[in-house]
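Hi there,

Here is the structure I promised to pass on. Have a look at it first, and then read on for what I found.

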Amino acid sequence: MDRKFEEQHLMRKNEEVYNQSARGREKRLYEASVDGSVNSLKQLMAEDPLTLARASVTCFDETPLHIAAMLGHLDFAKALASHKPDMAMAIDLQGPSPLHLASANGHIEIVNMLLSLNSNKCLIYDEDGRTPLHLAVMKGHVEVTRELVRARPEVTGHKLDHGETILHSSVRHNRLGALKMLVESVRKAEFINASDDYGNTV
């Protein structure tokens with residue numbers, strides 16, 4: 001009986017030690033993501049090759065790639081994508097993908113890196129029904145807008161609530177550069193003259 005009790009006690013102790021160690025790695029991974037520290041990521045991966053797999057399901061509201069994409073840490077984002085490419089398709093609790101965040105913040109190099117992994121990310125909607133293109137246009141990031149349209153031209157056809165097209169969004173947010181680029185890129189009368197649900201054209 002005492003032996004069984006000792007074994008259970010030892011198992012609980014080992015589990016506690018493991019959980020503390022895992023929480024410590026999660027915190028270090030978060031800090032590495034915020035700092036964009038590739039060396040810290042390498043060290044964590046050397047300690048536990050499953051660090052990123054565990055992070056995807058346990059410790060973050062968003063993945064480390066979401067953080068890197070938002071803050072513009074290109075080298076860190078590349079390192080993450082090389083270890084776990086499917087992280088690029090992850091959606092955080094608010095709905096955006098890493099491509100949404102990189103597009104909204106104008107991080108063109110990260111946008112291009114994510115598109116090179118899988119251009120289908122252009123077609124992912126956030127919780128408000130917006131694609132990365134909508135966020136790039138709303139923030140006035142013309143180069144990002146150009147790359148997203150080049151990668152998946154059909155994304156320009158996605159409408160928001162009340163039939164608002166991407167051109168309506170350009171005008172609503174006073175983004176003349178994005179509007180010009182979209183009109184020059186698409187060059188279709190039905191796109192340019194599309195009306196929303198209230199009959200308003202651009």
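Let me start with one helix pair: helix 2 and helix 5 count as roughly parallel to each other, a label given to angles under 35 degrees (over 145 is roughly antiparallel, 65 to 115 roughly perpendicular, and the rest oblique). Their axes cross at roughly 25 degrees and come within 9 Å; axes here are lines fitted to C-alpha atoms, for helices over the stretch in contact, with angles running from 0 to 180 degrees between N-to-C directions. From helix 2 (residues 38–47), Val-38, Leu-41 and Met-45 meet Asp-75, Phe-76, Ala-79, Leu-80 and His-83 of helix 5. Contact means heavy atoms within 4.5 Å.

Before going further, please note that this is a predicted model, in which local features need pLDDT of at least 70 and side-chain atom pairs count only at pLDDT 80 or more, while totals for chains, interfaces and linings use all residues. Residues are numbered from 1 along each chain as its sequence is written, and side-chain values use heavy atoms, with hydrogens and water left out.

**The chain as a whole**

The chain has twelve helices and zero strands. Both are DSSP runs numbered from the N terminus: helices are H or I with at least four residues, strands E with at least two. Of its 202 residues, 42% count as buried, meaning under 20% relative accessible area (exposed is over 50%, partly exposed in between; 1.4 Å probe, protein chains only). Among contacts between residues at least 6 apart in sequence, 66% join residues at least 24 apart.

**Helix 7 and its neighbours**

Helix 7 (residues 108–117) and helix 9 have axes that come within 10 Å and cross at roughly 10 degrees, and this pair is therefore roughly parallel too. On the helix 7 side, Ile-108, Val-111, Asn-112 and Leu-115 meet Glu-143, Val-144, Glu-147, Leu-148 and Ala-151 in helix 9. The buried residues of helix 7 are Ile-110, Val-111, Met-113, Leu-114 and Leu-115, and they pack against helix 4, helix 5, helix 6 (98–104) and helix 9.

Ile-110 also appears among the contacts of His-73, together with Ser-33, Val-34, Asp-35, Gly-36 and Ala-68, not counting residues up to four places away in sequence. His-73 sits in the loop between helix 4 (64–71) and helix 5 (74–83). A polar atom of the His-73 side chain lies 2.8 Å from the backbone oxygen of Val-34.

**Helix 11**

Which residues of helix 11 are buried? In this helix (residues 176–186) they are Ala-178, Leu-179, Met-181, Leu-182 and Val-186. Seen down the helix axis, they fall within an arc of 165 degrees, so they line one face of helix 11; the arc is that of the directions from the axis to the C-beta atoms. Their cover includes helix 8 (132–139), helix 9 (142–151), helix 10 (166–172) and helix 12 (189–192). Just after helix 11, Arg-187 takes a positive phi of about 55 degrees.

**Two alanines to look up**

Ala-55 is found in helix 3 (residues 51–57) and is buried, at 3% relative accessible area. Ala-194, in the segment after helix 12, counts as buried at 15%. Ala-194 touches Thr-165, His-168, Asn-200, Thr-201 and Val-202, leaving aside residues up to four places away in sequence.

Happy browsing, and best wishes!

Note on methods
A polar contact is a pair of N or O atoms within 3.5 Å; within protein, one must be able to donate a hydrogen and the other to accept it, and residues adjacent in sequence count only if both atoms are side-chain atoms.
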